[in-house]
Amino acid sequence: MDYNATTPLEPQVMQAVTEAMQEAWGNPSSPYPPGRKAKDIINGAREALARMIGGKSQDLIFTSGGTESNNLVIQSVVRHFHESQASRGDLAEQPGPAEGAKPHVVTCTVEHDSIRLPLEHLVEKQVAEVTFVPVSPASGQAEAEDVLAAVRPTTCLVTIMLANNETGVIMPVPEISQRIKALNQRRVAGGLPRVLVHTDAAQALGKRRVDVEELGVDFLTIVGHKFYGPRIGALYVRGLGKLTPLYPMLFGGGQERNFRPGTENTPMIAGLGKAAELVTEHCEAYEAHMRHVRDYLEERLLAEFGKRIHLNSRFPGTERLPNTCNFSIRGPQLQGCMVLAQCQTLLASVGASCHSDQGDQPSPVLMSCGIPFDVARNALRLSVGRATTTAEVDLVVQDLKQAVARLEGQA
């Protein structure tokens, strides 16, 4: 029950990967038939991704995954700010940020490390300034009002994840985008840089409908292995290179219109396209099934442990992912990692899998959401998948019951 960490490949995805390995091994840049076949597969996958997110295929580039996509956005926007500043020159009559001003980015305290760490690195190198907006303890969200209040004259990027990987909380990205769009009209008139909006949609795709037009974002990160696809990704850029700037981090053979050079990984791209097709066709069914199983899990936990259970990811009035349950079982010996170590059936995590080396330290995400230290330290994150059954939930709850009994010396 750790499908937020990663997912297995769907059989149809494996088939698409295998067929591409066997039949489309040509270099996609080659003009002869094997190369053209590979290119056709890549173009078809790009179109499938575009349909999944309601965007245009020409606005998508393939990357190695979410970390690369997120870094590409951050580096591009910071570089664009500096180049725009340089092109303005030092003419006194031109309004805008002061000469030598650093670009400013607004994000929130519960972002994935692939956002937080690049931003902290830029601050350390004195290349940019960053504001980490705290999430509201009442909603678990980065509130639009707080995000807008953090915007400065030098702000060039707002990056807020679409859904949190530990709590499942859905962030108010459409509202943030809408308000930034209105703000941009005034900023441009006043000679200030346009604020671009990015969302990391890694956890939301495949679990709920995602539409770039409804979200109103300039950039959106896609991560294949979160929706039963391969471990590559993509980046959506609204009006790529025209409306929205993007600068390559790599230089080479000119693939992906020079934005992401390197011979394309045709088999993995084929698999990503097939995974996107499945999401487009079945997302509502996936969502309904996962919500049913997740709700059953929470009912069983409450029935078994009663008032000892604290559901860390439930915030009144806040939407969350249909598959995610973050909870704590109260008790001094019941730290999350200790409970998992006693479990014989359950495979899960205490939070983000990339933080699995933190031992019994409480999740910074839960602490940011206002969960008390002793409760957060006991947290477990269970995330169900497309094939998880209620019978498996029963096994898990029984396993947890026995683990707790062992830790408390009752068995």
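**Exercise 1.** In this predicted model, find which backbone oxygen the side chain of Asn326 reaches, and decide whether Asn326 is buried or exposed.

*Solution.*
Step 1. The side chain of Asn326 comes to 3.0 Å from the backbone oxygen of Glu166. A polar contact requires N or O atoms within 3.5 Å, and the distance of 3.0 Å to Glu166 is given for this pair.
Step 2. Asn326 belongs to strand 9, which spans residues 324-329.
Step 3. The relative accessibility of Asn326 is 0%, so the residue counts as buried. The cut-off for buried is under 20% relative accessible area.
Step 4. With neighbours within four places in sequence set aside, the contacts of Asn326 include Glu166, His310, Leu311, Asn312 and Ser313. Leu366, Ala379, Leu380 and Arg381 are also in contact with Asn326.

**Exercise 2.** Place Ala16 in its helix and state which residues it contacts beyond its neighbours within four places in sequence.

*Solution.*
Step 1. Ala16 sits in helix 1, residues 11-23.
Step 2. Its relative accessible area is 15%, and therefore Ala16 is buried.
Step 3. Beyond the sequence neighbours within four places, Ala16 is in contact with Ala270, Gly271 and Lys274.
Step 4. Ile41 lies 25 residues from Ala16 along the chain, and the two C-alpha atoms are separated by 9.8 Å.

**Exercise 3.** Describe the largest cavity by volume, lining residues and residue class.

*Solution.*
Step 1. One cavity of 30 Å³ or more is present in the structure. The largest cavity encloses about 60 Å³ of space.
Step 2. Its lining includes Tyr3, Thr7, Gly206 and Lys207, as well as Lys226, Phe227, Tyr228 and Met290. Asn323, Val384, Gly385 and Arg386 also line the largest cavity.
Step 3. Sorted by class, the lining of the largest cavity has five nonpolar, four polar and three charged residues.

**Exercise 4.** For the second largest pocket, state the volume and identify the element that gives the most to the lining.

*Solution.*
Step 1. The second largest pocket holds about 300 Å³ of space.
Step 2. There are 14 lining residues, and Lys181, Arg194, Gly216, Asp218 and Arg238 lie nearest the centre of this pocket.
Step 3. Helix 6 (residues 173-189) contributes the most to the lining of the second largest pocket, with five residues.
Step 4. The classes in this lining are four nonpolar, five polar and five charged residues.

**Exercise 5.** Give the residues covered by the UniProt domain annotation and the helix and strand content of residues 2-83.

*Solution.*
Step 1. The unreviewed UniProt entry annotates "domain: Aminotransferase class V" over residues 2-83 and 101-395.
Step 2. Residues 2-83 are 63% helix and 5% strand, with the end C-alpha atoms 43 Å apart.

Key:
Residues are numbered from 1 along each chain as its sequence is written. This is a predicted model: local features need pLDDT of at least 70, side-chain atom pairs count only at pLDDT 80 or more; totals for chains, interfaces and linings use all residues. Side-chain values use heavy atoms; hydrogens and water are left out. Helices (H or I, at least four residues) and strands (E, at least two) are DSSP runs, numbered from the N terminus. Buried means under 20% relative accessible area, exposed over 50%, partly exposed in between (1.4 Å probe, protein chains only). A polar contact is a pair of N or O atoms within 3.5 Å; within protein, one must be able to donate a hydrogen and the other to accept it, and residues adjacent in sequence count only if both atoms are side-chain atoms. Contact means heavy atoms within 4.5 Å. UniProt positions are given in the numbering used here, feature names are shortened, and annotations may be inferred rather than shown by experiment. On a 1 Å grid over the protein atoms alone, a cavity is a set of points where a 1.4 Å probe fits but cannot get out, and a pocket is an open set with protein on both sides within 12 Å along at least five of seven lines; lining residues have an atom within 4 Å of a point. Grid points are joined across faces, edges and corners, and a volume is the space filled by probe spheres set on the points. Ala, Val, Leu, Ile, Met, Phe, Trp, Tyr, Cys and Pro count as nonpolar, Asp, Glu, Lys and Arg as charged, and the others, Gly among them, as polar.
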